[in-house]
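Subject: Structure handover and notes

Hello,

Here is the structure I said I would pass on. My notes on it follow below.

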Amino acid sequence: MPADVQDKFNDYPSSVKPKLLQLRAIIFELCQQHQLGKVEESLKWGEPSYAVKHGSPVRFDWKANHPDHYCLFFNCKTRLIDTFRELFSTYPTITFAGNRAMLLPLSQPLPDAVLKQCLLMALTYRKIKHLPLLGA
């Protein structure tokens, strides 16, 4: 992990850091399982960001002004959030903000299956963007 990203993780409250580290682990696991290539891990706009060659970058963060949630951010010029909203709008613990963010409550377990599907769509976006519902 790059030093600036490690510093960012170290700044998160102890109630938040495990969830975000779990998200990070899922991203690396998906990239390895699906042979998506090298993951570029960096800070973008002060938030941990993850990108692979044929995907759309994914960022996540927790903000003190919304202490009960953490967010995943996707490129607003993609169909990702629109697709996620169509597929998962009835999922009780996920809410969406505009066309770029997925909000998850800290009080609930990480919705692993849903997140893995969403993250895989983002990490393979350039290969699936022409498919209806991004191939879901």
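**The hairpin and Y50**

E41 is bridged to Y50 of strand β2. The model is predicted, not experimental. That bridge belongs to the pairing of β1 (residues 40-44) with β2 (residues 47-51), two antiparallel strands joined by five bridges. The two strands make a hairpin, and two residues sit between them. In the turn, W45 has a positive phi of about 55°.

Y50 has a second role in the notes, through its ring, which comes up again under the aromatic pairs. Y50 has a relative accessible area of 0%, so it is buried.

**Overall layout**

The chain contains five helices and six strands. Their order along the sequence is α-α-β-β-β-β-α-β-β-α-α. The radius of gyration is 14 Å, close to the 14 Å that the globule rule gives for 136 residues, so the chain is as compact as a globular protein of that length. Along the principal axes, the C-alpha atoms fill a box of roughly 40 × 35 × 25 Å.

Buried residues make up 45% of the 136 in the chain. The accessible surface is about 7,300 Å², and carbon and sulfur atoms account for 53% of that area. Taking contacts between residues at least 6 apart in sequence, 54% of them join residues at least 24 apart.

**Aromatic pairs**

How many aromatic pairs are there? The count comes to five. One of them is F9 with F60: the ring centres are 6.2 Å apart and the planes stand at 70°, which is over the 60 degrees required, so the pair is edge-to-face. This pair links distant parts of the chain, since F9 is in helix α1 (residues 3-11) and F60 is in strand β3 (residues 58-62), 51 residues apart. F9 is buried, at 0% relative accessibility. F60 is buried as well, at 0% relative accessibility.

F28 and Y50 make another edge-to-face pair, with 6.0 Å from centre to centre and 85° between the planes. Here too the pair links distant parts of the chain: F28 belongs to helix α2 (residues 17-33) and Y50 to strand β2, with their positions 22 residues apart in the numbering. F28 is partly exposed, with a relative accessible area of 28%, whereas Y50 is buried.

The residues of both pairs, together with Y12, form one aromatic cluster: F9, Y12, F28, Y50 and F60.

**Salt bridges**

Side chains of opposite charge can pair when their charged atoms come close. Over the whole structure, the search finds seven salt bridges. Three of them are described here, beginning with D61 and K8.

- D61 and K8: the closest N and O atoms are 3.7 Å apart. D61 is in strand β3 and K8 in helix α1, so the pair ties together parts that are 53 residues apart in sequence. D61 is buried at 3% relative accessibility, whereas K8 is partly exposed with a relative accessible area of 21%.
- E29 and K116: the closest N and O atoms are 3.3 Å apart. The pair links distant parts of the chain, with E29 in helix α2 and K116 in helix α4 (residues 112-123), 87 residues apart. E29 is partly exposed at 31%, and K116 is partly exposed at 28%.
- D82 and R85: the N to O distance is 3.6 Å. Both residues lie in helix α3, three residues apart, which is about one turn of the helix. D82 is partly exposed at 45% relative accessibility, and R85 is partly exposed at 29%.

There is also a network of salt bridges, which links K8, E47, R59, D61 and K63.

**T83**

Is T83 buried or exposed? T83 has a relative accessible area of 4%, under the 20% cut-off, so it is buried. T83 lies in helix α3 (residues 80-88), the helix that also holds D82 and R85. Apart from neighbours within four places in sequence, T83 is in contact with M121, L133 and L134.

Regards

Definitions and conventions. Residues numbered from 1 in each chain as written. Predicted model: local features only at pLDDT ≥ 70, side-chain atom pairs only at ≥ 80, totals over all residues. Heavy atoms only, no water. Helix = DSSP H or I, 4+ residues; strand = E, 2+ residues; numbered from the N terminus. Buried < 20%, exposed > 50% of the residue type's maximum accessible area, 1.4 Å probe, protein only. Contact = heavy atoms within 4.5 Å. Pairing = 2+ DSSP bridges. Phe/Tyr/Trp six-rings, centres within 6.5 Å; stacked < 30°, edge-to-face > 60°. Salt bridge = Lys/Arg side-chain N within 4 Å of Asp/Glu carboxyl O. Rg over C-alpha atoms; globule rule 2.2 N^0.38 Å. Areas by Shrake-Rupley, 256 points an atom, 1.4 Å probe, with all protein chains shown as cover.
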